[in-house]
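Here's a quick briefing to read alongside the model. Keep the sequence and the 3D view open as you go.

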Amino acid sequence: MHEKIIELNENIDPVLFYGVNNANILTLKNLLPKIKLSARGAIVKIEGNESEINRTAEFIHQIEKYCLENNALTEEIIVGIVKGEEILPQIKLENLILYGVNGKNITARTRNQQRLVADFFTNDLLFAIGPAGSGKTYTAIALAVKSLKNKEIKRIILSRPAVEAGEKLGFLPGDMKEKIDPYLQPLYDALQDMITPLKLRDYLENGTIQIAPLAFMRGRTLSDAVVILDEAQNTTVQQIKMFLTRMGLNTKMIVTGDVTQIDLPLSQKSGLLDALHKLRNIKGITVIEFDKSDIVRHRLVQKIVEAYEKAEK
């Protein structure tokens, strides 16, 4: 009796691979009665004679490859792989960025979202400017997660300025993490759409994904990463300069913001406006200006934005 251990790719959702109540493993066991198959976590153990083990291992690698490419798996696919039938790849959705949790399609839905995706591959610093709900931050995070899954980078760093709005941080309950987490919650929400809870927890614990207030960036050099600064309209000139000069080798930065929602004191100039003025014409830097036609939240959000624009005029 021989045995072989296979460790699944870290980017595979175990629930997807094993199936609900291990249904996919049961299907494999029924198709391959000469081997003993067991699975725990990301480890699959095969026991049997050597030739059957090698044959089964090849099937598992093919199934693993299919899961990575399509983020889907059915009993029919497993049967087809074991029986040697031709498995056609799933039709790719137009403007698909990646498959999220439970097979959710994360796509660039509007013209400017699609431009952000295209410019990401040709520029190292991108400014995505536009109104709330236009998908600029969500699309930026999707691009970062895709780069991480493709092993093009080693980490994702997400940051926001912790601008006080009504309540002083010092008077909020809890330790520093509990005080600042509410400012960062929108970033967590986007990640939860794209990475399974167990894998996201691992990434956060080992530092592969870091979410921190802007002040925590000082003194660092950020290499092999996608770095996203959200709500950049609320940075000062000094803060955004400090952030932009953290860029290291093999790093892309995406700066998002809405210049109509500046919460800084009137005496302070927005660092985002200052950076757009100074950096707009530098090669390697691109500015994508989202507008109300890009809003992909509830249909009323677009009308709300239009009403405020009209009132301000």
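What follows is a short tour of some strands, helix pairs and one serine.

Keep in mind that this is a predicted model. We'll start with a buried strand, β10, move on to an open sheet of 3 strands, and then look at how α2 packs with α4 and how α9 crosses α10. Serine 147, which is buried, rounds things off.

**Strand β10 and its partners**

- Strand β10 covers residues 251-257, and 7 of its 7 residues are buried, so the strand is largely enclosed by the rest of the structure.
- Side chains leave β10 in two directions: Thr251, Met253, Val255 and Gly257 point one way, while Lys252, Ile254 and Thr256 point the other way. Both sets are buried, Lys252 included.
- One partner is strand β6 (residues 125-129), which pairs with β10 in the parallel sense over 5 bridges.
- Another is strand β9 (residues 225-229), which also runs parallel to β10, with 5 bridges between them.
- If you want a residue to click on, try valine 255: this β10 residue is the bridge partner of phenylalanine 127, and leucine 229 stands opposite it too.

**The open sheet, β1-β3-β2**

- This open sheet has 3 strands in the order β1-β3-β2, and the pairing is antiparallel.
- The edge positions go to β1 (2-7) and β2 (36-40); each has a single partner strand, so one side of each is left without a neighbour in the sheet.
- From one strand to the next, the twist averages 15 degrees.
- Between β2 and strand β3 (residues 43-48) there are 5 bridges, in the antiparallel sense.
- Within that pair, lysine 36 has glutamate 47 in β3 as its bridge partner.
- Helix α3 (residues 50-70) packs on the sheet and touches β1, β2 and β3. The direction of α3 makes about 15 degrees with that of β1.

**Helix α2 against helix α4**

- Helix α2 (residues 23-31) packs with helix α4 (residues 75-82) at an angle of about 30 degrees, and their axes are 10 Å apart.
- That angle makes α2 roughly parallel to α4.
- The crossing of α2 with α4 is right-handed.
- On the α2 side the contact uses Asn24, Thr27, Leu28 and Leu31, which meet Glu75, Ile78, Val79 and Val82 in α4.
- By type, the residues of this α2 and α4 contact split into 5 nonpolar, 2 polar and 1 charged.

**Helix α9 against helix α10**

- The axes of helix α9 (residues 237-244) and helix α10 (residues 271-279) come within 7 Å and cross at roughly 60 degrees.
- At that angle, α9 counts as oblique to α10.
- Here, α9 passes α10 in a right-handed crossing.
- The α9 residues in the contact are Val237, Ile240 and Leu244. They meet Gly271, Leu272, Asp274, Ala275 and Leu279 in α10.
- The α9 and α10 contact residues come out as 6 nonpolar, 1 polar and 1 charged.

**Serine 147**

- You'll find serine 147 in helix α6 (residues 136-149).
- Is serine 147 buried or exposed? With a relative accessible area of 4%, serine 147 is buried.
- Leaving aside residues up to four places away in sequence, serine 147 touches Phe120, Glu152, Ile153 and Val226.

How values were computed. Residues numbered from 1 in each chain as written. Predicted model: local features only at pLDDT ≥ 70, side-chain atom pairs only at ≥ 80, totals over all residues. Heavy atoms only, no water. Axes fitted to C-alpha atoms, helices over the stretch in contact; angles between N-to-C directions. Helix = DSSP H or I, 4+ residues; strand = E, 2+ residues; numbered from the N terminus. Parallel < 35°, antiparallel > 145°, perpendicular 65-115°, else oblique. Left-handed = near helix turned anticlockwise from the far one by under 90°. Contact = heavy atoms within 4.5 Å. Nonpolar A, V, L, I, M, F, W, Y, C, P; charged D, E, K, R; others polar. Buried < 20%, exposed > 50% of the residue type's maximum accessible area, 1.4 Å probe, protein only. Pairing = 2+ DSSP bridges.
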